[in-house]
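The exercises below are meant to be worked with the sequence and the model open side by side. Each task is followed by a solution that proceeds step by step.

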Amino acid sequence: MERLTPCELAIMQIVWRYKGDIPEADIRLQLKETFQKDYARTTIATFLKKLEEKKYLEKYHVGRNSHVHALVSARSYGREQLKTILEIYYGGDRNGLVNDIDLVE
């Protein structure tokens, strides 16, 4: 699973939080409200195209409106990122990771 850029991740967080398929126009509004990011419609369309190419979501049209549907769940993405962190930083040692997490609390 390919890692997301910060902007792609922000978009996916909005898609994951939305109940059901999200209209593309709502993504722009949510980016502004949630992350204080005011992207042009064309910029968001570019990010969505990249996310489609990475197989994280699919975009479809209902009349003149575009909607987005997640193909990867937030949990699946999080698990893959956690596996990567575990391998890279802890050499696969789960106890080392858990011990570091306990130190943070």
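## Exercise 1: Charged pairs

Aspartate 38 has a relative accessible area of 52%, and because the threshold for exposed is over 50%, the residue counts as exposed. The model is a predicted one.

Task: Determine which side chains meet aspartate 38 in salt bridges, and state how many salt bridges are counted.

Solution. Begin with the general principle that side chains of opposite charge can pair when their charged atoms come close. The side chain of arginine 28 meets that of aspartate 38 in a salt bridge with an N to O distance of 3.7 Å. Since arginine 28 belongs to helix α2 whereas aspartate 38 sits in the loop between α2 (24–35) and α3, this pair ties together parts that are 10 residues apart in sequence. Next, lysine 32 also forms a salt bridge with aspartate 38, again at 3.7 Å, N to O. Both partners count as partly exposed, arginine 28 at 37% relative accessibility and lysine 32 at 49%. The count of salt bridges comes to seven, and Glu2, Glu8 and Lys54 are linked in a network of such bridges.

Task: Describe the salt bridge between glutamate 80 and lysine 83 and its setting.

Solution. The two side chains meet at 3.3 Å, N to O. Both residues lie in helix α4, three residues apart, which is about one turn of the helix. Glutamate 80 is partly exposed at 26% relative accessibility, and lysine 83 is likewise partly exposed, with a relative accessible area of 47%.

## Exercise 2: The sheet and serine 66

Task: Work out the strand order of the sheet, and then place serine 66 within this arrangement.

Solution. Three strands form an open sheet in the order β1-β3-β2, with antiparallel pairing. Because β1 (22–23) and β2 (57–62) each have a single partner strand, they stand at the edges, and one side of each is left without a neighbour in the sheet. Between β1 and β3 the antiparallel pairing rests on two bridges, and proline 23 has histidine 67 in β3 as its bridge partner. Helix α1 (residues 6–17) lies across β1, β2 and β3, running at about 90° to β3.

Serine 66 is found in strand β3, which spans residues 65–70. With a relative accessible area of 13%, serine 66 is buried. Leaving aside residues up to four places away in sequence, serine 66 touches Ile22, Pro23, Glu24, Lys59, Tyr60 and His61. With histidine 61 there is also a polar contact, side chain to side chain, at 3.0 Å.

## Exercise 3: Aromatic pairs

Task: State how many aromatic pairs are counted, and classify the geometry of tyrosine 39 with phenylalanine 47 and of tyrosine 56 with tyrosine 77.

Solution. The count comes to three aromatic pairs. For tyrosine 39 and phenylalanine 47, the ring centres are 5.7 Å apart and the planes stand at 70°, so this pair is edge-to-face. For tyrosine 56 and tyrosine 77, the centres are 5.8 Å apart and the planes stand at 75°, so this pair is edge-to-face. The latter pair links distant parts of the chain, with tyrosine 56 in the loop between α3 (41–53) and β2 and tyrosine 77 in helix α4, 21 residues apart.

As a last step, turn to burial and grouping. Tyrosine 56 and tyrosine 77 are both buried, and Trp16, Tyr56 and Tyr77 form one aromatic cluster. Phenylalanine 47 is buried, with a relative accessible area of 16%.

Conventions
Residues are numbered from 1 along each chain as its sequence is written. This is a predicted model: local features need pLDDT of at least 70, side-chain atom pairs count only at pLDDT 80 or more; totals for chains, interfaces and linings use all residues. Side-chain values use heavy atoms; hydrogens and water are left out. Helices (H or I, at least four residues) and strands (E, at least two) are DSSP runs, numbered from the N terminus. Buried means under 20% relative accessible area, exposed over 50%, partly exposed in between (1.4 Å probe, protein chains only). A polar contact is a pair of N or O atoms within 3.5 Å; within protein, one must be able to donate a hydrogen and the other to accept it, and residues adjacent in sequence count only if both atoms are side-chain atoms. Contact means heavy atoms within 4.5 Å. Two strands pair if DSSP finds at least two bridges between them. Axes are lines fitted to C-alpha atoms, for helices over the stretch in contact, and angles run from 0 to 180 degrees between N-to-C directions. Rings of Phe, Tyr and Trp (its six-membered ring) pair if their centres lie within 6.5 Å; planes under 30 degrees apart count as stacked, over 60 as edge-to-face and the rest as tilted. A salt bridge is a side-chain nitrogen of Lys or Arg within 4 Å of a carboxyl oxygen of Asp or Glu.
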